[in-house]
Amino acid sequence: MAIKIIFLVIFFGAMIGIGFYSRSKAKNVNDYVLGGRTVGPWISAFAFGTSYFSSVVFIGYAGQFGWKFGLASTWIGLGNAFIGSLLAWLVLGRRTRIMTQKLDAKTMPEYFGKRFDSKALRLAGSVIAFIFLVPYTAGVYNGLSKLFHMAFAVDYRICVIVMAALTGVYVVVGGYMATALNDFIQGIIMLIGICAVIFAVLHGQGGFLNAVKQLSVIETDPSVTTAALQESQGLFASFFGPDPLALLGVVVLTSLGTWGLPQMVQKFYAIKDEKAVKTGTVVSTFFAIIIAGGCYFLGGFGRLFGEVKGVKEVLADGTVKVAFDNIVPSMLSTLPDILIGVVVVLVFSASMSTLSSLVLTSSSTLTLDLIKPIMGQRLKEKTSLLLMKIFVVCFIAISVVIAFNPPTFIAQLMGVSWGALAGAFLAPFMYGLYSRKITKASVWASYIVGVGFTVVNMIHPIIKSPINAGAATMIAGLIIVPLVSLITPKPDAEKVDNIFACYDTVVSVPERENLGK
């Protein structure tokens, strides 16, 4: 217990210290929200990665999908790395930085408002972002609470309050720069921690090969096996697992979804220069391979711990209920105390980095996209900054209340949040960076489909799994936006050409960066 507490005290002290160190770099709105658009490559890459992967991945997703798909769940981590990180940087990174600077947009709803010349789109986008970031935050708290209960045997409400308070302090004081610097440190902790945990867990099972052998003889559960593969042997140790189509749905949601999440995309707004884009692309991809690939690989061995107390419960009618959120904590409970201390700090790092990004995104969206358009010039710079800090505290308080009574499994909370946000924002944001022909009506269509289908599916499930439902909304948006743009009034060509001129600005660079004829 002493080791765990010492680790946490050092960790908390460092986070708060960085918050106050960054105070001088958050004197105005641009600095507070985007770090003055001067964030370097390594910090940008780690900020992207640590915002991507939280306790939701480590505890919730790794446990649930590792149980369902076995070692094939590792594909989810690789999808996160190559689609959610590498392709996101290549497709969105540079263009997002250039166009948002041209539009002077600090948030995703502000981008929609200025890119498509519509205050209504900006307001609607801010409301969508605020509402559906809340369940995501609740999922982050919930995942951490499971681990804390295992490590310290304390009421998870205490854990939620401590995490909320610490995050609130350094975000309120230091803004984006404090969040980014903390993300860098937290990312290093996550890289070291996940490698140590995987080694220790597999060592406890007699090594990698012996663990795979044990996994291969476990009987396949019909409830998680596609009909064509039922009665097959060794599916949990196989290449694509017991249900490849369901696995594909999870890969799409958790990988492509990042392209439309405000707290992720806004990392590109703050990039400093071309070098930061190139280096950030490589570093964030490497980070995702280790963290996401490692988490899902570890979760793939979850069924070896199925008999640990708290994982499975036999109901009165004889059916077995699996507590997915308890699988990874049960795996970790067998580790030595010093490693449990490392894991606690690891998951705290992952969770606080994501939470800080979420609350900063939500507070800036409410202030800049909802209140400022209404108040106009009456809302001064200092007042805007103060409002953001107040909203940081309010958003954290709301999410804490929800976290005290989480409605469902972590993965389901995430499915709802990601499905609505990415379903509404992904397609119009990406197409808007590349095409002059995307119309205002198509953005409204994407909003309606993304949010509408998610809400209807929550009330009357059309697609039973929120994960697959979220993936469906994203794909639908990618199809609907260009189709609606074809049949609706075209935007003002002169205004759009003026916006896209930012990509054609001629700049001078050294010969070593651009070979001539």
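**Reading helices, cavities and cysteines in a predicted model**

Me: This is a predicted model. How do I check the length of helix 12, and what distance should its residues span?

Reply: Count residues, then multiply the rise. Helix 12 covers residues 274-299, which is 26 residues. At 1.5 Å a residue, the expected span is 38 Å. The end C-alpha atoms lie 37 Å apart, so expectation and model agree.

Me: Where does helix 12 bend, and by how much?

Reply: Look at Gly-280. Helix 12 bends there by about 25 degrees.

Me: Where does helix 5 bend?

Reply: At Trp-89. Helix 5 runs over residues 74-103, and its bend at Trp-89 is about 50 degrees. Check the backbone just past its end too. Asp-104 follows directly after helix 5 and has a positive phi of about 55 degrees.

Me: Now the interior. How many cavities of 30 Å³ or more does the structure hold?

Reply: Three. The largest cavity has about 80 Å³ of space. Ten residues line the largest cavity, and the closest to its centre are Val-33, Tyr-176, Gln-266, Leu-360 and Thr-361.

Me: Which helices each supply at least two residues of that lining?

Reply: Helix 2 (29-34), helix 11 (262-269) and helix 14 (337-375). Helix 14 gives the most, with four residues.

Me: What is the lining of the largest cavity by class?

Reply: Four residues are nonpolar, five are polar and one is charged.

Me: On to cysteines. How many disulfides does a search of the whole structure find?

Reply: General idea: a disulfide is a covalent bond joining the sulfur atoms of two cysteines. Here the search of the whole structure finds zero.

Me: Is Cys-502 buried or exposed?

Reply: Read the relative accessibility against the cut-offs. Buried means under 20%. Cys-502 is at 13%, so Cys-502 counts as buried. Now take Cys-195. Partly exposed runs between the buried limit and the exposed one, which is over 50%. Cys-195 has 44% relative accessibility and therefore counts as partly exposed.

Me: One residue in a loop, then. Where is Glu-307 found?

Reply: In the loop between helix 12 and strand 1 (312-314). Apply the accessibility reading again. Glu-307 stands at 70%, so Glu-307 counts as exposed.

Me: How far apart are Glu-307 and Ser-330 in sequence and in space?

Reply: Keep the two separations distinct. Along the sequence, Glu-307 and Ser-330 are 23 residues apart. In space, C-alpha to C-alpha, the pair is 9.7 Å apart.

Note on methods
Residues numbered from 1 in each chain as written. Predicted model: local features only at pLDDT ≥ 70, side-chain atom pairs only at ≥ 80, totals over all residues. Heavy atoms only, no water. Expected span 1.5 Å × (residues − 1). Bend = angle between axes of the 7 residues up to and from the residue. 1 Å grid on protein atoms, 1.4 Å probe; cavity = no way out; pocket = protein on both sides within 12 Å on 5 of 7 lines; lining within 4 Å. Points joined across faces, edges and corners; volume = space filled by probe spheres on them. Nonpolar A, V, L, I, M, F, W, Y, C, P; charged D, E, K, R; others polar. Disulfide = S-S within 2.5 Å. Buried < 20%, exposed > 50% of the residue type's maximum accessible area, 1.4 Å probe, protein only.
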